[in-house]
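Please open the model in your viewer and keep the selection panel at hand. The tour goes from one selection to the next, and at each stop it says what to look for.

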Amino acid sequence: MGWQLPSLSALRTFEAAARHLSFTKAAGELNLTQSAVSRQIRLTEEYLGVLLFQRVKQRLVLTEAGRVYVEDIRHALQLMQAATVNLLANQGKGGILHLATPPAFGTKWLIPRLHRFSDAHPEIMIELATRARPFDLANESIDAAIHYGGDDWPGVLSDRLVGDEMVVVCSPAYLARHEPLQGPQDLARHTLLQQTLRPNLWREWVEAKGGDLSHAWKGPRFEHFYMIMQAAIGSLGVALLPRLLVNEDMAAGRLVIPFESPYPSRDAYCLVYPAAKRGDQKIQLLRRWLVDEAKRPD
């Protein structure tokens, strides 16, 4: 294959100079002289036939071509670094599995159990990332993800895991300061904590349980479950959350269930991964472990 590329050294120098917008700072990072960096950039521009930098009022700025190029180059350098770390860490066996998870699920359910996966598969290193919004498996270098929802993520394979039981919770302090909360009919007199990404969550619950439907959309909004949990602990209102996320806080007395009214949601936490990776041994080992873990009574 005839590669039409500047040298790796030239690309690293360009990325550092673009990040700092300073040849001097790039030289310090790379342990080079400022003149060596300047010469390397000039040779790279000559090789490519494109200006990457220009001076504007004595300030170094990227050209439009340089801005676009550095974004692609930076991603490629990060991939090479990750591949090298993977090889050094695992000597060609096992490897790193990049898994994305919502913050609350990762903190409350997944991370406390991961030691069992590591004990069973020490050759595989899990690298966790968190996002509040859906992940882009194609463009984020993520092997698999935990997704809260139904079978509604196109282009992936999925396994339903846990989290479909929803409960109404609030803090003891909130309960003590507000009107009685003994059933669904009382919620109209209380502040309902809303999730931005699921604006109909309370409405669906109220429809199933009975109550004032017009009140179901009222209340402060938060982007994800972890923020809603903290808002409930902070006595901002009443929350509707997967039971598995609040078990620890209920045991510690930070949250209580004011009335029992279990609700099986159509949504749950699912493992999702691209169909093209169905043969990836690391993903299949994780998949089998997660499915078994979801069946554990704890």
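A polar contact here is a pair of N or O atoms within 3.5 Å, of which, within protein, one must be able to donate a hydrogen and the other to accept it. Please bear in mind throughout that this is a predicted model.

**First stop: Ser171**

Select Ser171, which sits in the loop between strand E7 (165-169) and helix H7 (172-177). With the side chain of Ser171 displayed, look for the backbone nitrogen of Tyr174, which that side chain reaches at 3.0 Å. Then add Ser235, whose side chain makes a polar contact with the side chain of Ser171 at 2.6 Å.

Is Ser171 buried or exposed? Ser171 has a relative accessible area of 2% and is therefore buried, since that class takes in residues under 20%. To see what Ser171 touches, leaving aside residues up to four places away in sequence, select Ala232, Ile233, Ser235, Arg254, Leu255 and Val256.

**Second stop: the sheet that contains E7**

From the loop, step back to strand E7 and display it together with E10 and E11, which form with it an open sheet of three strands in the order E10-E7-E11, with antiparallel pairing. Strand E10 (239-242) and strand E11 (263-264) stand at the edges, and because each has a single partner strand, one side of each is left without a neighbour in the sheet. Strands of a sheet pair through backbone hydrogen bonds, either parallel or antiparallel. Between E7 and E10, which run antiparallel, there are four bridges; to find your place along this pair, select Met166, which stands opposite Pro242 in E10.

**Third stop: salt bridges within helices**

Side chains of opposite charge can pair when their charged atoms come close. The count for this model comes to 21 salt bridges, and a good place to begin is Arg67 in helix H4 (residues 64-90).

Which residue forms a salt bridge with Arg67 at 2.5 Å between the closest N and O atoms? That residue is Glu64, which lies in helix H4 as Arg67 does, three residues apart, or about one turn of the helix. Now add Glu71, which also forms a salt bridge with Arg67, the closest N and O atoms being 3.1 Å apart; Glu71 and Arg67 are four residues apart in helix H4, again about one turn. At 34% relative accessibility Arg67 counts as partly exposed, and Glu71, at 46%, counts as partly exposed too.

Move on to helix H8 (residues 201-209), where Arg203 and Glu207 lie four residues apart, about one turn of the helix. Their side chains meet in a salt bridge of 2.9 Å, N to O, and Glu207 is partly exposed, with a relative accessible area of 49%.

To follow a set of linked pairs, select Glu15, Arg19, Glu29 and Arg74, which are joined in a network of salt bridges.

**Last stop: a nonpolar patch**

Switch to a surface view and select Tyr47, Leu48 and Val50, which make a nonpolar surface patch of about 240 Å². Val50 belongs to the loop between helix H3 (34-48) and strand E1 (53-56); with a relative accessible area of 35%, Val50 is partly exposed.

Terms used:
Residues numbered from 1 in each chain as written. Predicted model: local features only at pLDDT ≥ 70, side-chain atom pairs only at ≥ 80, totals over all residues. Heavy atoms only, no water. Helix = DSSP H or I, 4+ residues; strand = E, 2+ residues; numbered from the N terminus. Buried < 20%, exposed > 50% of the residue type's maximum accessible area, 1.4 Å probe, protein only. Contact = heavy atoms within 4.5 Å. Patch = residues over 30% accessible without salt bridge, like charges linked within 9 Å, V, L, I, M, F, W, Y side chains within 5 Å. Areas by Shrake-Rupley, 256 points an atom, 1.4 Å probe, with all protein chains shown as cover. Salt bridge = Lys/Arg side-chain N within 4 Å of Asp/Glu carboxyl O. Pairing = 2+ DSSP bridges.
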